[in-house]
Each structure stands twice: as structure tokens, then as C-alpha cells.
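Trainee: I would like a close look at one part of this model, and then a walk through whatever else helps me picture the rest. Please spell out the cut-offs as you go.

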Amino acid sequence: MTKTDDLPKDHGPSGGWGSLKGISRIFGESVPSPAVLDTLRRQNKPGGFMCSSCAWPKPANYHPFEFCENGAKMTLWESTSARCTPNDLGKHSLEELRGWSDHELEKTGRLTAPMRFDHGTGRYVETGWDEAIAGIAEVLATLPKEEVVFYSSGHAGLEASYLWALVARLYGNNNLPQSSNMCHETTSVGLTQVIGSPVGTVVWEDLEETDCFFFFGQNPGTNSPRFLHPLKYAKQRGARIVTFNPVREQGLVSFVDPQDPVEMATGRETIISDQYHQLKAGSDIAAILGLCKAVIEADDAGRDVIDHAFLAEHCNGFDGFMDFARETTWAAICAETGLSEVALRDAAEIYMTSEKVIGVYGMGLTQHAHGSWNIGMLTNLLLLRGNIGKTGAGMCPVRGHSNVQGQRTVGIAEKTKLVPMDRLRDLFGFEPPEKDGMHVVDAAEAMTEGRLSAMLCLGGNLVRALPERDRIEAAWEKLPLTVMISTKLNRSHLFPGRNAWILPCLARSEEDMQESGNQWITIEDSFSCIHGSQGRRTPASRQLRSELEITALLGKAIAGLTDRLRWDEWIADYGRVRDLIEATYPEDFRDFNARMNEPGGFWRGNPAHDRVWKTESGKAEFTIPDKLNAMDFDDEPGRYRLLTMRSNDQFNTTIYGYSDRFRGIEGTRDVLLMNAADMEEAGLSHGDRVALVADGGIAARLGGLEVVTFELPRGTVGSYYPECNVLVPIGHHDRLSKTPASKSVAVRIEREV
Ligand SMILES: Nc1nc2c(c(=O)[nH]1)N[C@H]1C(S)=C(S)[C@@H](COP(=O)(O)OP(=O)(O)OC[C@H]3O[C@@H](n4cnc5c(=O)[nH]c(N)nc54)[C@H](O)[C@@H]3O)O[C@H]1N2
Ligand SMILES: Nc1nc2c(c(=O)[nH]1)N[C@H]1C(S)=C(S)[C@@H](COP(=O)(O)OP(=O)(O)OC[C@H]3O[C@@H](n4cnc5c(=O)[nH]c(N)nc54)[C@H](O)[C@@H]3O)O[C@H]1N2
Ligand SMILES: [Mo]
């Protein structure tokens, strides 16, 4: 175990002046258009616009500046004054553009006009909206319906997303994979199995009441920096924080609040983690089992630390689980995690002496071959002391994109059982398709096997976000149809299908003027609260259309106008789409239009929060994993566990720049982070050039990496996503939910000259 006090503070606390420098650098690089400061002032406030970066909740009692370093970067990045016009794009061949980095591609600026790929000249050319929509509908009419996929990345608002799902079903399938298939699908499936809820149980009040957080594989300093404020207040109240993460993440070590003038002037920082346990990647099952074992042993020895009444009333399977924990040896747990028994008992002591505990997790738990068992084990830990369904306690998966959770709530789902099809039938007068659709991994496999005809993407950059990039790129450009609804140029645009369009859309901070005025859209945050959002900025180009309008135009071209499919009226007033959402999901969206601007958002409720378990048994389930780690390969000499990381200067495949200041890595992303003892054993020195070679059944290599000595557990190495996606096999994913296992990829290291 490393205690936070003992850790070197070489890269300074999170937040502080570094975060302001980070923002101002993007301000310089992206050359935002005027009035952007006004936009930032309205960010994440009732009556304002909701940041399109992460899904962290927006509090009712907001700060004067309710945005973080990375939210500001996102807004500045989309408010750039640079433009990528068809003319500019037409100056470059695809070959040439494929040599550009992700950063260079997006830096060309906002897309301004619809484009079609002209295979004759090998260039994108401008086209009109009517022509583009008619062209797409014409191709769609010729394709096998089950071979067309309607992907969405978690950006678009509830209204556009609801219609997107409707369009897919009217077209004739449930092929509605979403970015969460690569992200928190493990939560949607795994958490549902054990507590009957696909989403977290915690709400804002719980953050204010809790006396302890346990963090597993979530990095708030970079990925949800506004979370650092409630963590700071919790620490000031005396709450404790324990972190399990192979990487020492600065945001979980200490924080200087950029919104606090005294802290900024004095540099006074809040120490975040009381204990920081750098376990081996993929070993959380064993680590959490160790915590459970310590609790069970203490209870067996007469300390009353298990909530037996709660278990008896609410849970299934605890006797079997407790025996399993008793029988598993400390030696096995320590060997698996690389942590000592003392360290795990220390952490368990904090757990046992806290009355209200929140379990926080992110990609460090979900992106493993047995990610669902990780979630099951964390649930076991919380259940032992009744830490789900009481104030100040609960499960807190931290979601990714700003509306990734909400899109699922309003029908973007490939599984038919998740959608009230009978209501859709009644509302729109059609027979919704009955067959389950494709998950993103199914789609990727079908694509590489030539069984897919079209990819329509509502946002995102799937070519870059998916595993096995080389195979995906080759397969993508063979598709009969590709359609990308995007704000900026990205690598997915550079592999146009036989018929290909780019449809440029408004960004969330921009005015969306329709017949009834400037439109509101809504999003759902990680705590299941719904917020209205209205953009006010002048759109980047007069030719941009909103995501809702583009979706509705496609729907109209595919299914026609009828007395129940009132596409034009929906475009004219998004409030009518909210009425449809309310009619489809009355329990979640009561008085939707009236309530959407409530401060803090309106909560759509969660039965598990009130100890109502929507599982098959009607109880919360304890689970016993088949093995003590979440991986699908064994350690071998020369084989490493690669975890693919996000830097502090990116939002997924959008690379703002090359400064990962919390980790002290500047000016490059081509690095391999490695433990000093591992380096010595492999005969490598800091600064050496190496390649990573996939060691999991595919032939793939990523060269040109510089070795950086880093404090990591032995056998675990780190390098950046999305660059590493060449190395991840498509079949390497969570067994239950198919979430790609991007946090434990088997690799070997080869020296380069
Ligand atoms: N600025 C910024 N914000 C973002 C994003 C972004 O790219 N940039 N992406 C958004 C999206 S879509 C998402 S899903 C979220 C992602 O946010 P996070 O869930 O925080 O995702 P990551 O940064 O990929 O990884 C989380 C942490 O898991 C740790 N980890 C890796 N392997 C293991 C393991 O085996 N066990 C444990 N305990 N920890 C492990 C890593 O060291 C890292 O600190 O953030 C969202 N917000
Ligand atoms: N190895 C590895 N792979 C991973 C991960 C990992 O940790 N490691 N993380 C996974 C995760 S958690 C996720 S969520 C996925 C992300 O996968 P995606 O969601 O597909 O990718 P993004 O990078 O978020 O998409 C960026 C693009 O979205 C478009 N865009 C931005 N804003 C808007 C908007 O407002 N509207 C529209 N229509 N388009 C917009 C821009 O064109 C931009 O280029 O990647 C996954 N892949
Ligand atoms: Mo994500």
C-alpha cells in the first residue's frame, strides 16, 4: 500500500493554476469565436446549456462557474472559429488525410456543409440537404434491413435520440448500438443482474451525507473534474476516501479548487485519498474479496460489522458467498493483487468504521474480460453492510458522455425487452421489429466478415473507438453505405463506404432556431436527473442542421409523413417530441415539459435506491466469481497487462493537445509507461524506443513508443487510447456484456532501433 502522504507530489495537485493554464492553452489553440465566455458562464446552470463533455451531475446549488477544465476545453473546442469546408477538405486526398493525427483532423475546425464522397475524384464534394437525405434513403431502400446499423455516441439530446431509435425501428431493425457498448454496458447488464438497476443508485444528497468513498478505476481529476468539489467538501466534513487503481492519478491524490480564491492564492490543497492501493490491472475481484473477507472475519470474531438484518430481508446467496470468502486464502488474494494483507485489512478497517459508504467505479472495472464479476464483487462488499438504498451510501458508476445514460432511457437499445414496443405500436401505428439488434461488437464482427451493409452514426468516431482498428478500417470502406452526423472531421470520415455522406450538425452550445423559436433539448446525467439545455451561440455555419432535424428528415424520407408520423411538426417544436417521450415512458417523464428546467434537474427515480430489487428473485444478489481476476489470459514471462489510458488533454478520440500534466507527460502521446523493475528485467531504459505487439490471438503491432519510467505495479503497463486500439482483439470483451476489455490487453514489448 502507498499512503497518500508518502507519495511524491511531482506533478502538483489537480485543479489549481494548472487547470487554468490547460484551459487557456486550448483557448489559444482553438481560437474560439467571440462571446464564448458568455457561453461558459451559462454552462451547467438551470436555464443555460448543459456541457457536452461528461455526464457528471449538475447540482441545484451551482458555482458561479459550474464547469471544469475539461468541460471548458470541450466548449472552446466546439466554439472554434476554424472551419472545415468542403472546399478545404477537397484539397486533400484520403491518402494524405489518413496520415494526419486525430488532433490535426479535428483542428481543421467545424464542418460547415453536407458532403458526399465522390469516388470518381476520390474527394468529398458539397451537396444540398435535400439531395443528401434523398440519396441516403434511396440506398437504404435497396439494402437488407437487418444489415443496417444505427449507432449513436452519447452526445445527442433525449429528443433527437428518441427519434433516432424510432427511425431505426420504422426502417425495420433494432440495430441500435451505442458508445456505452464500449463503456458502461458492463454496468447496464452486470448491475441489473445483482441489484435490478442498470444505473447507479446514488443521488446528490448521498454525496453530501456520506462518510466514505471507495474508488475503483475511475479518474475524476481528468474525466469528471466537477466531482472533485463534492469530494473536497466531504473531506472537510471528515469523510474518508480509499482508492484502488494501478495508476497513481493526481486527481485522487490532491486537489486545489480553482474556484476558491484562497486556495488558489495559497496553493492549499485538499488531500483526497486517505489510502491509495496500486493493485495490478485486472485484480479488483481479489482485492474487493479481500475487503469482504476482512469484514466477515471481523464479524465471525464477534465484532458486529455485518448488517445481518438487511441481508436476511433483502439479499440472496450471502451464506454461499461468505463461505467462499472464508475459504479463499490471503495468500491467493495477495498474489493476485500484488497488495499485502495488512494493506487490505487497513482498507477494510475504514470500510467497517464508516456508516455510509459510496462505491465509485469507472472503466477500470467495466473494461475487463470479466468486468461483470468486478461489479458483482463491489456489490457484495456494499451489501455486507447494507450500503445500498440508504442515505449517504450506494453504487456510483460514473458515466461517460453527457447523455449516454439518457439515450438508453428513451429507447436507444438493441435489446427489445428494454423498450415498451406496445406503446410505440400504439403511438405510431406500426409493427416494431421483434428481433434483438446488434451490439457494437456484433456489428464490428459482422462488418469484418462482410455481413454488414450500412453504418449510420449519430456522432462519434467508431473507426477509432473500436478494437482492431486495422480490420475495422478495411471493412468500413467496403460498406455499401456510411453516414456520419458530426461536428468535426475525424478518422471515421476517411474510410467512406461505396456511398458515403457527412452530415454536419449544430453543437449543443449553438442556437437551434426552428418555427416555434430557439429550441430546448434535454439530457440525463449519471444520477438519473434530467436537465433542459438551450444553446445561444451563433451556429458555426448557416447550413448546419440540428441532430433532431437531421434524424427527422431521414425518418420522413424512410417512412413518410402520416397523421401519426408528424416529422415537420416535431422539427418545428421539440416540446412535442418531449410529449411523445412522456407518452412512451410516463413513469419516468411525468410533466416533462414543465419540469425540465428544475434546478439540479428532475430525478426519474430508481427502485434500487429505495431497496426495491427488480431482479428475478426480487432480492439483491450476492455473486461468486469463477476466478480471482477479471482477465481471460494468464501471465507468462514477457507478457504484460496493458491498460489503455485517457490523458488529461483528450475527450475520447478528440485529442485537444499533448499535455498530460497530471502524469508529467508533455509533448507526446507515443509513450509506454512501465515499472522500473520491469524495465530492468526487460533490459530497457527510460527513453528507449519500443513497439507493443499484441499477444492475444491477433497479429498487430504499435511501434514508435518511448519507454517512460512510471510508478505502476509490476507486469502492468500503460499507453494511450485510441492509439492502442490496433492491439485489442475484437473478441476480447466482457463475457456477459461484450464491453471491450480495454484495461487488460495481453501484449509483448519489442525494442526498436
Ligand atoms: N476529459 C475527459 N473526460 C472524459 C472522457 C475523456 O476522454 N476525457 N471520456 C468520457 C467517457 S466516454 C468516459 S466512459 C469516462 C471515462 O472515465 P474513467 O472511468 O475514469 O476512465 P479511464 O480514464 O479510461 O480509466 C479509469 C481509471 O481506471 C484505472 N484502471 C485501469 N485498469 C484498472 C484496473 O484493472 N483496476 C482498477 N481499479 N483501476 C484500473 C486507470 O488507471 C484510470 O485511472 O470519462 C468521460 N469523461
Ligand atoms: N482502447 C480503448 N478503447 C476505448 C476506450 C478505452 O478506454 N480504451 N473507451 C471506450 C469508451 S468509454 C467510449 S464511450 C468510446 C467512445 O466512442 P465514440 O463515442 O464513438 O467517440 P468520441 O471520441 O466520443 O466521438 C468523437 C466525435 O464525435 C463528434 N461529435 C462531437 N460532438 C458532437 C455533437 O454534439 N454531435 C454530433 N453528432 N457529433 C459530435 C465529432 O465529430 C468527434 O470527432 O470509445 C471506447 N473505446
Ligand atoms: Mo465512455
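Mentor: Let's start with helix α28, which runs over residues 574-584 and has Y574, G575, V577, R578, L580, I581 and T584 as its buried residues. Buried means under 20% relative accessible area, exposed means over 50%, and partly exposed is in between, with a 1.4 Å probe and protein chains only. Helices here are DSSP runs of H or I with at least four residues, strands are runs of E with at least two, and both are numbered from the N terminus. At the N-terminal end of α28, D573 acts as a cap, with a side-chain oxygen 2.9 Å from the backbone nitrogen of G575. That fits the polar contact rule: a pair of N or O atoms within 3.5 Å, where within protein one must be able to donate a hydrogen and the other to accept it, and residues adjacent in sequence count only if both atoms are side-chain atoms.

Keep in mind that this is a predicted model, in which local features need pLDDT of at least 70, side-chain atom pairs count only at pLDDT 80 or more, and totals for chains, interfaces and linings use all residues. Residues are numbered from 1 along each chain as its sequence is written, chains are lettered from A and ligands numbered from 1 in the order in which they are written, and side-chain values use heavy atoms, leaving out hydrogens and water.

From the helix we can move to the salt bridges, of which the structure holds 50. The term stands for a side-chain nitrogen of Lys or Arg within 4 Å of a carboxyl oxygen of Asp or Glu. One of them joins E473 to R469, with the closest N and O atoms 3.0 Å apart. These two residues sit 4 residues apart in helix α25 (residues 469-476), so about one helical turn separates them. E473 and R469 are both buried.

Another pair, K91 and D88, has its N and O atoms at 3.6 Å. K91 counts as exposed because its relative accessibility is 58%, while D88, at 27%, is partly exposed.

R735 and D632 also form a salt bridge, at 3.6 Å from N to O. This one ties together distant parts of the chain, 103 residues apart: R735 lies in the loop between β33 (716-720) and β34 (745-751), and D632 in the loop between β24 (620-621) and β25 (640-645). R735 is partly exposed at 46% relative accessible area, and D632 is partly exposed at 36%. Salt bridges can also join up, as in the network that links E69, K73, D649 and R661.

Now to the ligands. Ligand 1 is surrounded by 30 residues, and E249, G282, D284, Q650 and N652 are the closest. For these lists, a residue is near a molecule if one of its heavy atoms lies within 4 Å of it. A polar backbone atom of Q650 is 2.6 Å from a nitrogen atom of ligand 1, and a polar side-chain atom of K743 is 2.9 Å from one of the ligand's oxygen atoms. Alone, ligand 1 has 910 Å² of accessible area, and the protein covers 98% of it. Such areas come from the Shrake-Rupley method with a 1.4 Å probe. By class, its shell has 11 nonpolar, 15 polar and 4 charged residues. Here Ala, Val, Leu, Ile, Met, Phe, Trp, Tyr, Cys and Pro count as nonpolar, Asp, Glu, Lys and Arg as charged, and the others, Gly among them, as polar.

Around ligand 2 there are 31 residues, with E106, Y151, E547, T653 and N725 coming nearest. The side chain of Y151 places an N or O atom 2.7 Å from an oxygen atom of ligand 2, and the side chain of N490 does so at 2.8 Å. The protein covers 97% of the 920 Å² that ligand 2 exposes on its own. Helix α24 (462-465) and strand β17 (481-486) are the elements that give two or more residues to this shell. The shell divides into 9 nonpolar, 17 polar and 5 charged residues.

Finally, the unreviewed UniProt entry lists "domain: Molybdopterin oxidoreductase" over residues 110-486, a span that is 45% helix and 15% strand. UniProt also lists "domain: Molybdopterin dinucleotide-binding" for residues 641-745, where the chain is 7% helix and 36% strand. These positions use the numbering given here, the feature names are shortened, and such annotations may be inferred rather than shown by experiment.
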